Amino acid sequence: MQHVHRARVFLSAALMLCAAAGSASAAESTPRAVSPIFGVSIPEGYRSWQLIAPAEEAAPLDELRVVLGNPAAVKAIQDLKGPFPDGAILVKLAYKRKQSPEFSSATVPGQATTVQVMVKDSKRYASTGGWGFGRFIGGVPTDAAQHQTCFACHEARAAKDRDYVFTRFAP
């Protein structure tokens with residue numbers, strides 16, 4: 001009788017584990033939107049990452065931007081010593097500029113325009129300075145043609161000794 005009870009307990013535990021694993025697999029298998037070429041997605045929890053710097057983009061874009069970083073990116077940009085480590089992630093949020101309705105001399109974020117992501121993986125992205133790129137509008141990745149311009153722009157405008165990153169840490 002005790003063997004039957006143990007078998008039932010074991011079977012119940014096994015079924016619960018399978019159900020939990022199935023639920024986790026279903027959640028994990030929910031596809032996340034990834035950028036063409038690089039396979040970069042918008043990282044979970046990025047909105048709680050540390051602010052690295054704000055920026056303003058003049059016409060024709062007329063955007064306010066903020067760059068956030070995961071802990072590896074924040075440490076690297078603060079230290080300014082060599083390339084960013086693999087695993088560093090930078091996320092740029094861009095918004096149309098608009099005049100504040102409450103304070104006429106203030107400019108505030110308007111409509112969101114893009115979320116742009118840079119992921120450092122020196123082996124996977126060796127041909128693009130170790131960086132993978134993602135550009136998303138409304139959570140949807142832009143087309144491959146836009147992603148083909150990412151590294152070319154960073155290579156042309158951001159110094160290699162700064163690891164092709166435009167952003168500087170705002171004190």
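Visitor: Is E57 buried, exposed or partly exposed?
Guide: This is a predicted model. The relative accessible area of E57 is 30%. Buried would need under 20% and exposed over 50%, so E57 counts as partly exposed.

Visitor: Which residue forms a salt bridge with E57?
Guide: Side chains of opposite charge can pair when their charged atoms come close. For E57 the closest N and O atoms of the pair are 3.7 Å apart, and a salt bridge requires them within 4 Å. The partner, with a relative accessible area of 13%, is buried. That partner is R65.

Visitor: Which residue is linked with E56 and D62 in a network of salt bridges?
Guide: E56 lies in strand β1 (residues 50-57), and its partner is in strand β3, 41 residues apart. In the salt bridge of E56 the closest N and O atoms are 2.1 Å apart. D62 also forms a salt bridge, at 3.4 Å, with a residue in β3. Both E56 and D62 are linked with R97.

Visitor: Is R97 buried, exposed or partly exposed?
Guide: The relative accessible area of R97 is 33%. This value lies between the cut-offs of 20% and 50%, so R97 is partly exposed.

Visitor: Are the rings of F84 and W131 stacked, tilted or edge-to-face?
Guide: A pair of aromatic rings is described by the distance of the centres and the angle of the planes. Here the centres are 5.4 Å apart and the planes are at 70 degrees. An angle over 60 degrees counts as edge-to-face, so the pair F84 and W131 is edge-to-face.

Conventions: Residues numbered from 1 in each chain as written. Predicted model: local features only at pLDDT ≥ 70, side-chain atom pairs only at ≥ 80, totals over all residues. Heavy atoms only, no water. Phe/Tyr/Trp six-rings, centres within 6.5 Å; stacked < 30°, edge-to-face > 60°. Salt bridge = Lys/Arg side-chain N within 4 Å of Asp/Glu carboxyl O. Helix = DSSP H or I, 4+ residues; strand = E, 2+ residues; numbered from the N terminus. Buried < 20%, exposed > 50% of the residue type's maximum accessible area, 1.4 Å probe, protein only.
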